[in-house]
Amino acid sequence: MRELFEAQAEAVDSGDQGRMIEAIGAIRNLPLQLHPQDGDETITPVMIQIRGDKSNFRY
């Protein structure tokens with residue numbers, strides 16, 4: 001998984017639209033779900049980004 005998120009970060013930093021679409025799509029096509037520790041809610045992210053020890057997502 002790390003390689004996918006590193007490739008995504010590099011593609012975003014490059015500004016190359018084609019690379020960004022491909023890298024984001026590779027992660028978007030994974031069956032990812034987020035499960036908050038303090039609730040029963042399941043979040044299926046539309047976009048998730050991990051850079052080092054920081055992460056963010058949209059849903």
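Which residue just after α1 takes a positive phi? The answer is in point 4; the points before it set the scene.

1. The model discussed here is predicted. The protein chain contains 2 helices and 2 strands. Read from the N terminus, these elements come in the order α-α-β-β.

2. Some overall values for the chain come next. The C-alpha trace spans about 40 × 20 × 15 Å along its principal axes. The protein chain has 59 residues, and 20% of them count as buried. About 4,700 Å² of the protein chain is exposed, with carbon and sulfur atoms supplying 49% of that area. If one takes contacts between residues at least 6 apart in sequence, 22% of them join residues at least 24 apart. The chain carries 6 positive and 10 negative charges, and the mean positions of the two groups are 5 Å apart.

3. Helix α1 covers residues 2-14, which makes 13 residues. From its first C-alpha to its last, α1 reaches 18 Å, close to the 18 Å expected at 1.5 Å a residue. Its buried residues are Phe5, Gln8, Ala9 and Ala11. Seen down the axis of α1, these buried residues fall within an arc of 165°, so they line one face of the helix. An α-helix has 3.6 residues a turn, so residues three or four places apart point the same way. The face of α1 turned away from the buried side carries the exposed residues Arg2, Glu3 and Asp13. The cover over the buried residues of α1 includes α2 and β1.

4. This point returns to the opening question. The residue is Gly15, which takes a positive phi of about 80° just after α1. Helix α2 is made up of residues 17-28.

5. Helix α2 has 12 residues and reaches 16 Å from its first C-alpha to its last, close to the 16 Å expected at 1.5 Å a residue. Which residues of α2 are buried? They are Met20, Ala23, Ile24 and Ile27. These residues cover an arc of only 95° around the axis, which puts them on the same side of α2. On the other side, Ile21 and Glu22 are exposed. The buried residues of α2 pack against α1 and β1.

6. Three residues of α1 can be followed one by one, and Phe5 is a convenient start. Phe5 lies in helix α1. Why does Phe5 count as buried? Its relative accessibility is 7%, and buried means under 20%. Leaving out residues up to four places away in sequence, Phe5 touches Ile27, Ile48, Gln49 and Ile50. Among these, Ile27 is one of the buried residues of α2. Phe5 and Ile24 are 19 residues apart along the chain, and their C-alpha atoms are separated by 8.6 Å.

7. Gln8 is also in helix α1. At 3% relative accessibility, Gln8 counts as buried. Beyond its neighbours within four places in sequence, Gln8 is in contact with Ala23, Ile24, Ile27, Ile48, Gln49 and Ile50. Ala23, Ile24 and Ile27 are among the buried residues of α2.

8. Ala11 is another residue of helix α1. Ala11 has a relative accessibility of 1% and so counts as buried. Not counting residues up to four places away in sequence, Ala11 touches Asp16, Arg19, Met20 and Ala23. Of these partners, Met20 and Ala23 are buried in α2. Ala11 is 11 residues from Glu22 in sequence, and the two C-alpha atoms are 8.7 Å apart in space. Glu22 is exposed, on the other side of α2 from its buried residues.

9. The last residue to look at is Gln49, in strand β1, which covers residues 47-51. Is Gln49 buried or exposed? Gln49 is buried, because its relative accessible area is 18% and the limit for buried is under 20%. Setting aside residues up to four places away in sequence, Gln49 touches Phe5, Gln8, Val12, Lys54, Ser55 and Asn56. Two of these partners, Phe5 and Gln8, belong to the buried residues of α1.

Key
Residues numbered from 1 in each chain as written. Predicted model: local features only at pLDDT ≥ 70, side-chain atom pairs only at ≥ 80, totals over all residues. Heavy atoms only, no water. Helix = DSSP H or I, 4+ residues; strand = E, 2+ residues; numbered from the N terminus. Buried < 20%, exposed > 50% of the residue type's maximum accessible area, 1.4 Å probe, protein only. Contact = heavy atoms within 4.5 Å. Areas by Shrake-Rupley, 256 points an atom, 1.4 Å probe, with all protein chains shown as cover. Lys, Arg positive; Asp, Glu negative; His and termini not counted. Charge placed at Lys NZ, Arg CZ, Asp CG, Glu CD. Expected span 1.5 Å × (residues − 1). Arc of directions from axis to C-beta.
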